[in-house]
Amino acid sequence: MRPALDARQQADAGALSSRAVAVERLSKAFPHGDRNLVALQDVTLDLQPGEFACIVGASGSGKSTLLNVLAGLETASSGRFEVQGRVALMFQEAALFPWLTASQNVELALELRGVKKSSERRRQAHDLLERVHLHGFERRRPHELSGGMKQRVALARALAQDADVLLMDEPFGSVDAITRDHLHEELVRLWRASSLTILFVTHNAREAVRLGDRVLVFTSRPGRVAQEFKIDLPRPRSLDSPELAVMAGRITERLKQEMRPDGH
Amino acid sequence: MATEPVATEMEDVPPETVEVPDRPHGARRLWSWLWPKLAALALFLAAWQLVVWSGWRPDYVLPGPVPVFQRLYEDLSQPDFYVGVGVTLRRALVGYAIAIVIGSVIGLLVARVPVVRKAVGHAILGLQSMPSIAWLPLAILLFQQTEGAILVVVILGAAPAVATGLLAGVDNVQPLLVRVGRVMGARGLQLYRYVILPAALPGYVGGLKQGWAFAWRSLMAAEIINIIAHQPSIGQQLQFAHDFADAQQLLALMIVIFFIGVTVDLGFGFADRAIRRRRGLA
């Protein structure tokens, strides 16, 4: 799906480990009044290239902070991390630019990535929107699209960045259940057809089991990896399958243990 | 009902075929837009005429609408009248254009450089609330009785509003959009060009609109006071009409001033609505 490694990636390949994402004892604290609020404490995790990993945690467990640090939007207080190649980040809101059409939103990502010719950008945007099943909606503006369609455009825009690692911060949290199921299917289809590494954050254990090769349970305040679950269920998976429900139940149990008795 | 049918179904039913209740269009839309304004105008003219009939002031001080509009009609056939309108509009456009450039540069600097914001952020707001005509005596000292003095007043009237509008637009950009821009790889000026400035456009247009209103007001005040020989501007003609106690001419000119102001304001209104509609804000 992606063209051969470009020069930059080849240069990086030697220097970095074989892991797509490597996080080592990463901590992040925010000043809060006269003390520090520790959002992340000693988070350590690895992602293999092409892996689909999910982080499950209660709200306020620092999951989003971790993604923001990995995407370079925030700096870590201590610890190390390495991300191999380009990073894209999808938010809970589609956050499309409202003054641009669906196609132009994707084209802007291509332009910032360095695709010089506008005709080439248009062609690629057209292809990307087709890949997320939005053929014929290129000229719609964001307010003319449904919530699920906006997230598809956001996905196409993230793909346009030609990222090696896609970070997703509860991207389907605000769409209805049926739409979410479609989006899950398409995300898995796109992931399997590519060599993308995905780190997907959610508070929904079923969603995590539905999507991930691996599910990491996060503790709350400060956020830390409490336990790791390997998900060996065959794909394609269905949200309604009993095996998935059992697995999700186990993860939810673990999550409940992690939430403080007085917790929020 | 699923809020989002699967893609193949979407393709089967192109959205264009969905029936939308008819939006009134063409003549009917124009009429529904126009008639309340015409009604208000008719009411105003009637009230004016009633005041004149009441004999509150003599005819030569407060003429009725009929002689005033007759006078306006005569004015409109005089070449001198258009020379005056031309002079005034030229000053308005030149002053306003300079104000846009200065206001935009200052607005951007304040938005982008924290120390500039701390230094002059409040001063700009203060300047905006200061009647710009208060600058005229100083401007006349500096530039004598020239067009330069008038332009200074117009610029000082309009530029703070333009700067404030741009600043408000930039400050109100959703932080999430800026983060998206950064994730997409935009840095520094690129972030401004592709994300922040387009997102700030509605606020900027609001500032431009207000800036025009200030420019037009300041210009009229400055023209009435600072009369330049051989430059028959609207403000000057207004002052002359007063000097010659020509109330008909005075009122006819006021109608012209009102008409120009409203016309430009309408243009801004259309631009503002078009931008908002494109973004789904209206």
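**Exercise 1.** Give the strand order of the open sheet in chain A of this predicted model, and name its edge strands.

*Solution.* Step 1: the sheet holds 6 strands, ordered E5-E6-E7-E3-E8-E9, with mixed pairing. Step 2: an edge strand pairs on one side only, which applies to E5 (87–90) and E9 (225–230) of chain A. Step 3: ignoring direction, neighbouring strands of the sheet are turned against each other by 15° on average.

**Exercise 2.** Determine whether E5(A) and E6(A) run parallel or antiparallel, and find the residue opposite A:Leu89.

*Solution.* Step 1: 4 bridges link E5(A) with E6(A), residues 165–169, and the two strands run parallel. Step 2: in E6(A), the residue opposite A:Leu89 is A:Leu167.

**Exercise 3.** List the strands that helix H2 of chain A lies across, and state its angle to E6(A).

*Solution.* Step 1: H2 (residues 63–70) lies across E3 (52–56), E5, E6, E7 (197–202) and E8 (214–218) of chain A. Step 2: the angle between H2 and E6(A) is about 150°.

**Exercise 4.** Describe the two domains of chain A and the side of domain 1 that touches domain 2.

*Solution.* Step 1: the domain assignment places 15–38, 48–85 and 164–258 in domain 1, and 96–163 in domain 2. Step 2: the domain centres, taken over C-alpha atoms, are separated by 25 Å. Step 3: contacts join 11 residues of domain 1 to 8 residues of domain 2. Step 4: on the domain 1 side, E6 and H6 (177–192) of chain A each supply at least two residues, and H6(A) gives the most, with 4 residues. Step 5: by class, this side has 7 nonpolar, 2 polar and 2 charged residues.

Notes. Residues numbered from 1 in each chain as written. Chains lettered and ligands numbered in written order. Predicted model: local features only at pLDDT ≥ 70, side-chain atom pairs only at ≥ 80, totals over all residues. Pairing = 2+ DSSP bridges. Axes fitted to C-alpha atoms, helices over the stretch in contact; angles between N-to-C directions. Contact = placed C-beta atoms within 7 Å. Domains from an automatic or database assignment. Nonpolar A, V, L, I, M, F, W, Y, C, P; charged D, E, K, R; others polar.
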